Amino acid sequence: MQIEEVKKSQRKKGRFLVKLESGDVLRLTEEELLRFSLRPGLELDGETLEALRASARASSARAAAANMIGSRALSKSELTRRLVKKGSEEADAKAAADWLEDIGAVDDAGYAAALVRHYGGKGYGPARVREELRRRGVDRELWDQAMEEMPEAADVLDELIRKKCRGELADPREKKRISDALLRRGFSWGDVRAAMGRYTDMMEDGYD
């Protein structure tokens, strides 16, 4: 297979387009261009062509991964899934995610801690936050340390009940409405019951 043309990409800096006589275009980095000594008229054997295609796929996955992680934080698992969804081979996607992890651009432990602070700060309980960690593909081995960033459940629950309560918790319907809402947020029944007890005691003492 012969190379017909080699030119710089006008859209992406550092990218070169290698057009083959078949009409296929390989998108390569300058490093790959030099490593394979590519030039117009060069005849590529089957082994070299396959190596070029594999290198092009890997480079494309790394570039896509860098763009994704540059726009928002992602776990390594999320990044890999998104790359595959965008068309990368799974092996290339995993290698690109590994590369970003190696250079510190992907940090699952830091990402997990940030997620816990974010959702904990929005008033969600431990169960809901753990579900978010699972959904985002964070390794379970990182959960316990990340969950140390959670605010105290009692403080959050006390504030939520003060905001949500529309009447006396002695009313069974109001009690159920409040408790259901807090359970949906991921708090345990034990913590919810204790918080409602504190609120009832506070109201009986004349505080609001």
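These legends describe close-up views of a predicted model.

**View 1. Strands β1 and β2 form an antiparallel pair.**
Strand β1 covers residues 3-8, and strand β2 covers residues 15-20. Their pairing runs over 5 bridges. One place to look is E5, whose bridge partner in β2 is K19. Now follow the chain through the hairpin of β1 and β2. It has 6 residues between the strands. Among the residues to find here is G14, which takes a positive phi near 80 degrees. In a regular strand, side chains alternate between the two faces of the sheet.

**View 2. Strand β2 also pairs with strand β3.**
Strand β3 spans residues 25-29. The sense is antiparallel, and the pairing runs over 5 bridges. Find R15 and look across to β3: the bridge partner there is T29. The hairpin of β2 and β3 has 4 residues between the strands. In this hairpin, G23 takes a positive phi near 100 degrees.

**View 3. Negative charges gather in a patch on the surface.**
The patch is made of E4, E5, E21, E43, D45 and E47. E4 belongs to strand β1. Is E4 buried, partly exposed or exposed? Its relative accessibility is 45%, so E4 counts as partly exposed. E5 appears in this patch and also in the β1 and β2 pairing, as the bridge partner of K19.

**View 4. A positive patch also lies on the surface.**
Which residues form it? They are R72, R81, R82, K85 and K86. R82 sits in helix α3, which covers residues 76-85. With a relative accessibility of 36%, R82 counts as partly exposed.

**View 5. E101 and K76 meet in a salt bridge.**
Side chains of opposite charge can pair when their charged atoms come close. A search of the whole structure finds 16 salt bridges. In this one, the side chains of E101 and K76 meet at 2.8 Å, N to O. E101 lies in helix α4 (residues 90-102) and K76 in helix α3, so the pair ties together parts that are 25 residues apart in sequence. E101 is partly exposed, at 34% relative accessibility. K76 is partly exposed too, with a relative accessible area of 22%.

**View 6. A salt bridge joins the side chains of D158 and R198.**
The N to O distance is 2.9 Å. This pair links distant parts of the chain, 40 residues apart. D158 is in helix α8, residues 153-164. R198 is in helix α10, residues 189-204. With a relative accessible area of 34%, R198 is partly exposed.

**View 7. E174 and R177 form a salt bridge within helix α9.**
Their side chains meet at 2.9 Å, N to O. How far apart are the two residues along helix α9? They are 3 residues apart, so about one helical turn separates them. Helix α9 spans residues 172-184. E174 has a relative accessible area of 10%. Buried means under 20%, so E174 counts as buried. R177 has 29% relative accessibility and counts as partly exposed.

**View 8. Salt bridges that share partners make one network.**
Four residues are joined here: E78, E132, R135 and R136.

Definitions and conventions. Residues numbered from 1 in each chain as written. Predicted model: local features only at pLDDT ≥ 70, side-chain atom pairs only at ≥ 80, totals over all residues. Heavy atoms only, no water. Pairing = 2+ DSSP bridges. Patch = residues over 30% accessible without salt bridge, like charges linked within 9 Å, V, L, I, M, F, W, Y side chains within 5 Å. Areas by Shrake-Rupley, 256 points an atom, 1.4 Å probe, with all protein chains shown as cover. Lys, Arg positive; Asp, Glu negative; His and termini not counted. Charge placed at Lys NZ, Arg CZ, Asp CG, Glu CD. Buried < 20%, exposed > 50% of the residue type's maximum accessible area, 1.4 Å probe, protein only.
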